[in-house]
Amino acid sequence: MPSIDYNSAADVTKRLEERLVESLTGETSVSRRTVLGGLGVAGSAAVGLGSSRASAASDHDDEDEHGNFGAVGEYEDLDFDPHEFLTAFNTGDSGQDNVPQQVYEEDGRTVREFEFTAVDTTIAIAPGVEFQAWAYNGQVPGPTIRAVEGDLIRVNFKNLGRHAHTIHPHLKNLNPRMDGIPQNGPGVLDTGESFTYEWIAQPAGTHFYHCHSLPLKEHIHRGLYGTIIVDPDTERVRENPREYVNYPGPITDDFREQLVEEAKSRNHEYAENDAVNEMVMVMNSFDTNFDGANEVYAANTRAFGYGVGDTDGEGNWTAGETKRPIQIDKNQRQRVYLSNATEFDLINSFHTHSQFFDYYDHGTTLTPTSKNVDTIMQCQAQRGIIEIDYSDHEPGLYMFHAHQSEFAELGWMSFFEVV
């Protein structure tokens with residue numbers, strides 16, 4: 001039998017989502033605790049929901065400066081698809097249409113060049129709920145950049161927004177002028193200004209980028225963040241294996257070759273990488289009434305975006321359905337590049353039901369930092385790689401979510417559909 005009944009799972013998603021949207025699209029804004037006051041505990045077979053709803057007004061009344069939200073329909077905004085985002089890796093020679101890019105050789109080094117803009121835009125964070133965002137290339141999270149260790153990442157950045165912005169990379173950056181902070185290099189870029197950032201892709205791992213303008217918490221919370229994946233250089237792994245392990249013992253020839261093979265599975269230029277289903281997930285949240293507490297949580301922006309909608313239980317969906325689980329092949333290795341962009345909360349977390357996984361903190365090692373666990377925590381900007389194997393599981397729905405329970409009930413609850 002599937003781990004969770006399809007009808008019950010759809011009921012969980014629908015009822016939690018309806019309550020969340022109802023609370024957010026009322027005449028006044030509400031706090032997350034108000035929303036939770038109306039939510040019952042959702043089980044796998046039944047859902048209990050309270051019938052009362054209170055509301056709390058925002059302390060901010062300048063809608064032009066701070067943004068607001070309003071009903072716009074059932075995920076009618078198709079400009080951003082959280083399912084497409086999962087596997088949208090911008091490498092210079094392939095990627096998203098809204099990210100002009102190219103790859104070429106320069107002075108003996110591979111250069112991966114990207115065009116980035118910062119814009120003011122409106123994004124859908126729940127069905128019928130919009131959020132006034134500041135975004136790289138018009139999307140939240142921003143585009144995922146992927147390079148190989150030692151490459152030069154060149155980002156031609158232009159600020160088209162109303163506020164001053166930068167791009168700060170969580171990489172080993174040797175040139176302070178390229179750090180993307182107000183005090184170094186060009187500083188913050190005002191409306192219409194441009195700058196070309198150049199960073200060496202190092203170390204191998206999964207990394208974070210974000211705007212570093214002040215107030216920092218607002219620029220991150222509004223949506224100016226994304227992921228940089230640096231694939232390991234297999235020859236460098238062969239020559240310097242000690243740098244890729246958290247292991248003090250001897251490096252035998254067999255172990256060295258194991259590390260090289262693992263590096264190939266993480267490097268998009270090798271066929272071994274094709275055997276792995278790779279996904280990018282950015283845990284994020286939204287303070288819709290600007291009271292310093294989040295009302296909506298998600299993985300990749302859309303509340304319950306990987307929840308269960310109409311299904312026949314065999315992976316077939318109603319045409320135009322914008323909510324569905326992440327369908328995965330049980331016989332394929334699963335890899336999640338996970339990061340936490342949540343503002344206002346000290347930590348976020350990732351928990352899998354009926355499954356344990358290996359976790360590589362920051363993705364900078366080829367051996368796991370936590371082995372055989374089902375929950376990990378991340379502070380803001382922390383990131384890592386999750387490796388999951390469903391080969392011995394029965395087909396069906398397997399939930400994953402934040403294990404801060406209120407986060408899950410406010411949108412950060414998702415499903416894998418193992419087939």
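Trainee: Which residue in strand 10 stands opposite valine 148?
Mentor: First, this is a predicted model, where local features need pLDDT of at least 70, side-chain atom pairs count only at pLDDT 80 or more, and totals for chains, interfaces and linings use all residues. Residues are numbered from 1 along each chain as its sequence is written, and side-chain values use heavy atoms, leaving out hydrogens and water. Now look at strand 5, residues 144-148, which pairs with strand 10, residues 225-231. Across from valine 148 in strand 10 you'll find aspartate 231.

Trainee: Over how many bridges do strand 5 and strand 10 pair?
Mentor: Two strands pair if DSSP finds at least two bridges between them. Strands 5 and 10 run in the parallel sense here, and their bridges number four.

Trainee: In what order do the five strands of the open sheet come?
Mentor: The ends are easy to spot, as strand 1 (89-90) and strand 7 (168-169) are the edge strands, each pairing on one side only. The pairing in this sheet is mixed. Reading across, the order is 1-5-10-9-7.

Trainee: How many helices and strands are there in the chain?
Mentor: Both are DSSP runs numbered from the N terminus: helices are H or I with at least four residues, strands are E with at least two. On that basis, the chain has nine helices and 21 strands.

Trainee: What share of the chain's residues is buried?
Mentor: Buried means under 20% relative accessible area, exposed over 50%, and partly exposed in between (1.4 Å probe, protein chains only). The chain has 419 residues, and the buried share is 56%.

Trainee: Which helix gives the most residues to the largest nonpolar core?
Mentor: A nonpolar core is a set of buried Ala, Val, Leu, Ile, Met, Phe, Trp, Tyr and Cys residues joined through side-chain atoms within 4.5 Å. The largest one has 67 residues, and Met281, Ile326, Phe350, Ile386, Trp412 and Phe416 touch the most other members. Eight of the core's residues come from the top contributor, helix 1 (residues 6-24).

Trainee: How many residues are in the other core, the one with Val155 and Tyr197?
Mentor: Don't mix it up with the largest core, which has 67 residues. The other core lies apart from that one, and its members include Cys211 and Val230 as well. Its residue count is 24.

Trainee: Which residues does cysteine 211 touch, not counting those up to four places away in sequence?
Mentor: Cysteine 211 sits in the loop between strand 9 and helix 5, and it counts as buried because its relative accessibility is 0%. Contact means heavy atoms within 4.5 Å. With that cut-off, the partners of cysteine 211 are Tyr136, His165, Thr166, Leu216, His219, Ile220 and Leu224.

Trainee: Why does histidine 219 count as buried?
Mentor: Histidine 219 is in helix 5, and its contacts beyond four places in sequence include Trp134, His163, His165 and Cys211. It counts as buried because its relative accessibility is 3%.

Trainee: Which residues does the UniProt annotation "binding site" cover?
Mentor: That label comes from an unreviewed entry. UniProt positions are given in the numbering used here, feature names are shortened, and annotations may be inferred rather than shown by experiment. With that caution, the entry lists His165, His170, His210, Cys211, His219 and His403.

Trainee: Which proline is joined to leucine 214 by a cis peptide bond?
Mentor: Look in the loop between strand 9 (205-210) and helix 5 (216-221). Omega of this cis bond is near -5 degrees. The residue you want is proline 215.

Trainee: And which residue does a cis peptide bond join to valine 140?
Mentor: Go to the loop between strand 4 (129-136) and strand 5. Omega there is about -5 degrees, and the partner of valine 140 is proline 141.

Trainee: What is the phi of asparagine 300?
Mentor: Asparagine 300 is in the loop between strand 12 (296-299) and strand 13 (326-328), and it counts as buried because its relative accessibility is 0%. Threonine 301 also has a positive phi, near 80 degrees, without being a glycine. For asparagine 300, phi is positive too, at about 65 degrees.

Trainee: Is lysine 264 buried or exposed?
Mentor: Lysine 264 is in helix 7 (residues 253-266). Beyond its neighbours within four places in sequence, it is in contact with Thr234, Tyr270, Glu272 and Asn273. Its relative accessibility is 17%, so lysine 264 counts as buried.
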